[in-house]
2 protein chains.
Amino acid sequence: MLISSGNRESIDDATVMNLVLLEDDDFIDDNHVRLGGRRFDHITTLLAKETGDSLRIGRVNGLMGQGVIESIDSAALTLAIQLDQSPPPPLPVTLILALPRPKMLRRILRCVSSMGVKSLYLINSYRVDKSYWSSPLLQPEKIREQLCLGLEQGRDTLLPQVHLCPRFRPFTEDDLPGISSSTTNLVAHPEDGSVFPCQPLVPACLAIGPEGGFIPYEIDRLKEVNFIPVRLGERILGVETAVPALLSPFVAGIS
Amino acid sequence: MLISSGNRESIDDATVMNLVLLEDDDFIDDNHVRLGGRRFDHITTLLAKETGDSLRIGRVNGLMGQGVIESIDSAALTLAIQLDQSPPPPLPVTLILALPRPKMLRRILRCVSSMGVKSLYLINSYRVDKSYWSSPLLQPEKIREQLCLGLEQGRDTLLPQVHLCPRFRPFTEDDLPGISSSTTNLVAHPEDGSVFPCQPLVPACLAIGPEGGFIPYEIDRLKEVNFIPVRLGERILGVETAVPALLSPFVAGIS
């Protein structure tokens, strides 16, 4: 999957298609799919694949395997496919994240999806601007699009479940106890958390606040439902850095 | 440092100014600085600070401490400062990174700087597009700007050293042996690396390839100078996710 020099600039916000994700609509029969649009462009132009070449593929929420290009016309290509491999095991972490700015949200959704998180709660917090909740990027199809890009990057097929929780208190009182009753529960709290465990116990729930952090009231509510404040080093990380950095020990733990 | 709702959207690519970084030019005398421009706007508008309020400050490559706003006029403010705290210890990792696409480079420089890396080599690789090396973002003052944003985010003062190495082979043959002679040397290699150590020995050198990874020739050259291929989990991470995720175990190790 060598990417030819000179074409890279055309990948916009760039995830790499390390796996071609197949949707139900793509199937001609059990062994053939027809792909147009973005995937066609990516495969024929960026990856410069030709008839007879093979590609790593996976069906959304299904198996992974190989596809061989049978034919290419001007706007679509046909693959003969074999789906016989399980996707990688989910990362055993439920991520609870204060809704990021829309501009960051797309990248964070891709990041989280590429790292194998399967359950994401986007929650409100005092420092989440109310306007973020009306972003068009929160439409289910927009969220799904970013999650799929993350799956293609990470080589996975299992779509994460994303839950929107625009009210902090009802979330912590009504939903969170059920979500976190049998997990290790950690909340990132750079100001005075204890040291982040090197090999955290799983399954886990990990809560990450907005830029500026959760306010003391919110930390107290989370402590009441058994979340332990933790910090990763002395420095204060931005959300886009904190998310992969805090998920990393869980990935390492199951390697 | 509560950030008022409604102003957040105006922070562009957003790092948070958790520390106001002082330049030599800002000093009126040993105990006073005058700040205009971006820092003035950030402090007066975004942080909504007023005369008498205090701020966490730090001098580039110097000490950290507190500043109290003495006066504010239309375009600048004066701080009475006290610099009496050491910055946090450097992350004991030299990062060797295949030059990312310019669009990503700014975010990665901020990320690396906010995590405490003090030595960064941006190197060439087969999959680095040649055009990236002529990006205006590689001008020293542009690089410095992003590094400073990272220091402000992470609350640190020590500017990272960034080295541009546009030729892979001379870098690995002439420079790398000296850089990595007394360190733990790891190269990220998702395809067939061994498991990333949970508590890696430091000081360390960590090499991260471009999107698509180092080519086998490059991995072989790195192995020749004692770099061990490692992977973090089964999934393939994009560079923007891989950098914080792979630096994270080092942060955890020194917590």
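**View 1. L21(A) and its bridge partner in β4(A).** L21(A) is matched with G58(A), its bridge partner in β4(A). Zoom out a little and you get the strands themselves: β1(A) runs parallel to β4(A), residues 54-59 of chain A, with three bridges joining the two. As everywhere in these views, you're looking at a predicted model.

**View 2. The open six-stranded sheet of chain A.** Going across the sheet, the strands come in the order β1-β4-β5-β6-β3-β2, and the pairing is mixed. At the edges sit β1 (20-22) and β2 (27-29) of chain A; each has a single partner strand, so one side of each has no neighbour in the sheet. Ignoring direction, neighbouring strands here are turned by 40° against each other on average.

**View 3. Chain A as a whole, for orientation.** Chain A holds six helices and 13 strands. With a radius of gyration of 20 Å, close to the 18 Å that the globule rule gives for 255 residues, chain A is as compact as a globular protein of that length. Along the principal axes, its C-alpha atoms fill a box of roughly 60 × 35 × 35 Å.

**View 4. Helix α2(A) packed with helix α6(A).** Two packed helices are described by the angle between their axes and the distance between the axes. Here α2 (residues 102-114) and α6 (residues 239-253) of chain A pack at an angle of about 10°, and their axes are 10 Å apart. Angles under 35 degrees count as roughly parallel, so that is the label for α2(A) and α6(A). On the α2(A) side, the contact is made by M104(A), R107(A), I108(A), C111(A) and V112(A), while α6(A) brings V239(A), E240(A), V243(A) and P244(A). Sorted by class, the residues of this contact are seven nonpolar and two charged, with no polar ones.

**View 5. A β-α-β unit in chain B.** The pieces are β8(B), α3(B) and β9(B), and the unit they make is right-handed. Strands β8 (residues 117-123) and β9 (residues 161-165) of chain B run parallel and are joined by five bridges. For a residue pair to look for, try Y121(B), whose bridge partner in β9(B) is H163(B).

**View 6. Where chain B touches chain A.** The contact takes 47 residues from chain B and 46 residues from chain A. On the chain B side, α2 (102-114), α3 (140-154) and α6 (239-253) each supply at least two residues. Which element gives the most to this side of chain B? That's α6(B), with eight residues. By class, the side of chain B that touches chain A has 20 nonpolar, 16 polar and eleven charged residues.

Methods
Residues are numbered from 1 along each chain as its sequence is written. Chains are lettered from A and ligands numbered from 1 in the order in which they are written. This is a predicted model: local features need pLDDT of at least 70, side-chain atom pairs count only at pLDDT 80 or more; totals for chains, interfaces and linings use all residues. Two residues are in contact if their C-beta atoms, placed from the backbone, lie within 7 Å. Helices (H or I, at least four residues) and strands (E, at least two) are DSSP runs, numbered from the N terminus. Ala, Val, Leu, Ile, Met, Phe, Trp, Tyr, Cys and Pro count as nonpolar, Asp, Glu, Lys and Arg as charged, and the others, Gly among them, as polar. Axes are lines fitted to C-alpha atoms, for helices over the stretch in contact, and angles run from 0 to 180 degrees between N-to-C directions. Angles under 35 degrees count as roughly parallel, over 145 as roughly antiparallel, 65 to 115 as roughly perpendicular and the rest as oblique. Two strands pair if DSSP finds at least two bridges between them. A crossover is right-handed if, with the strands pointing away from the viewer, the path from the first strand over the helix to the second runs clockwise. The radius of gyration is taken over C-alpha atoms; the globule rule is 2.2 Å times the number of residues to the power 0.38.
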